[in-house]
Amino acid sequence: MSAEGGTKAIVAALAANLGIAVSKFVAFVFTGSSSMLAESIHSVADSGNQGLLLIGRKRSERRRTPQHPFGYGRERYFYAFVVAVVLFTVGAAFSLYEGIHKISDPHKVESPAWAFGVLSAAIIMEIFSFRTAIVESNRVRGDKSWVQFIRRSKAPELPVVLLEDLGALVGLVLALLGVTMAVVTGNGVWDGVGTVAIGVLLALIAIILAIETKSLLIGEGADPEVEGRIVAALESVDEVARVIHIRTQYVGPEEMLIAAKIAVDHDDTAAEVARGIDAAEAKIRAQFPEARLIYLEPAIDRADLKNAEQTATSS
């Protein structure tokens, strides 16, 4: 994912959520709607989440140190995981609490026109933010489906913003339905039902985000297709007989570590082996610019050595 594209989506979401949060709080003051309050807190939490993503991106750009020899790329994964926790604790937990409280002690929605107007405006702003995230995601997702993109993306920002914006849009619709039903029926319980539905929605999104970002945080390897291409690049070098085993891991969204044990011919000189390793690294980096850390361990091809020994014995 390009840094520019990810930052653009985050900033668009931040601007939209700040504007939406203010308008929702104003509507809550005039209506007393728990759905509006839940949506207000949701937008505040989302704004904080975008701020955390920007902080994580900035901190990940620090230079590597002796204490952190592989750099700080995983800071982006850490802050994305914090976003999932914040979304659950601040957004989902509060919405569930407020909704249950409103169901047990319902109140009539006052000045519903404020709620309808603000929710309609919020939906328009959220669509703008969601569209920006979709456009930026389409630049990097290739032929992957949306589910595959969210699950396999090594850069967390766009999947996080996509899910947040989708949740925000659905949440706004739920709030609109809850307020509408409360006004039409004159029963404030519907407002509470809409609030609980928003809480459940936020909890589901938070769980999905937590699972995906946790996987990145503890270390994900390259996709099987990418790993296969790396092996093919290694074995295309004349000095490499075959790849004995390979391990890959993303130490940051744009930084992959590759460690492989390669079999070389028993007759190769040290200079030939070194030349082969250099050629193999160059081929990998030409295909995968993110492969910044490559460690290749040469080993004698035992099958080749055994054949040579048998030939020498028979002669």
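Colleague: What makes the radius of gyration of the protein chain differ from that of a compact globule?

Modeller: In this predicted model, the protein chain has a radius of gyration of 27 Å, whereas a compact globule of 315 residues would have one near 20 Å. The globule rule takes 2.2 Å times the number of residues to the power 0.38, and the value for this chain therefore does not match that rule. The C-alpha trace spans about 100 × 35 × 35 Å along its principal axes.

Colleague: Why is strand β2 called mostly covered?

Modeller: A residue counts as buried under 20% relative accessible area. Eight of the 10 residues of β2 (residues 255–264) are buried, so the strand is described as mostly covered. Across the protein chain, buried residues make up 45% of the 315 residues.

Colleague: How do you know that β1 and β2 pair?

Modeller: Pairing requires at least two bridges. Nine bridges join β1 (residues 242–252) to β2, so the two strands pair, and they run antiparallel. One of the bridges places Lys261 in β2 opposite His245. A hairpin of two residues joins β1 to β2.

Colleague: What makes β2 and β3 a pair, and do they run parallel or antiparallel?

Modeller: Eight bridges join β2 to β3 (residues 293–300), which meets the requirement of at least two, and these strands run parallel. Leu257 has Leu293 in β3 as its bridge partner.

Colleague: Why is the unit of β2, helix α9 and β3 called right-handed?

Modeller: The term applies because, with the strands pointing away from the viewer, the path from β2 over α9 (residues 270–287) to β3 runs clockwise.

Definitions and conventions
Residues are numbered from 1 along each chain as its sequence is written. This is a predicted model: local features need pLDDT of at least 70, side-chain atom pairs count only at pLDDT 80 or more; totals for chains, interfaces and linings use all residues. Side-chain values use heavy atoms; hydrogens and water are left out. Buried means under 20% relative accessible area, exposed over 50%, partly exposed in between (1.4 Å probe, protein chains only). Helices (H or I, at least four residues) and strands (E, at least two) are DSSP runs, numbered from the N terminus.
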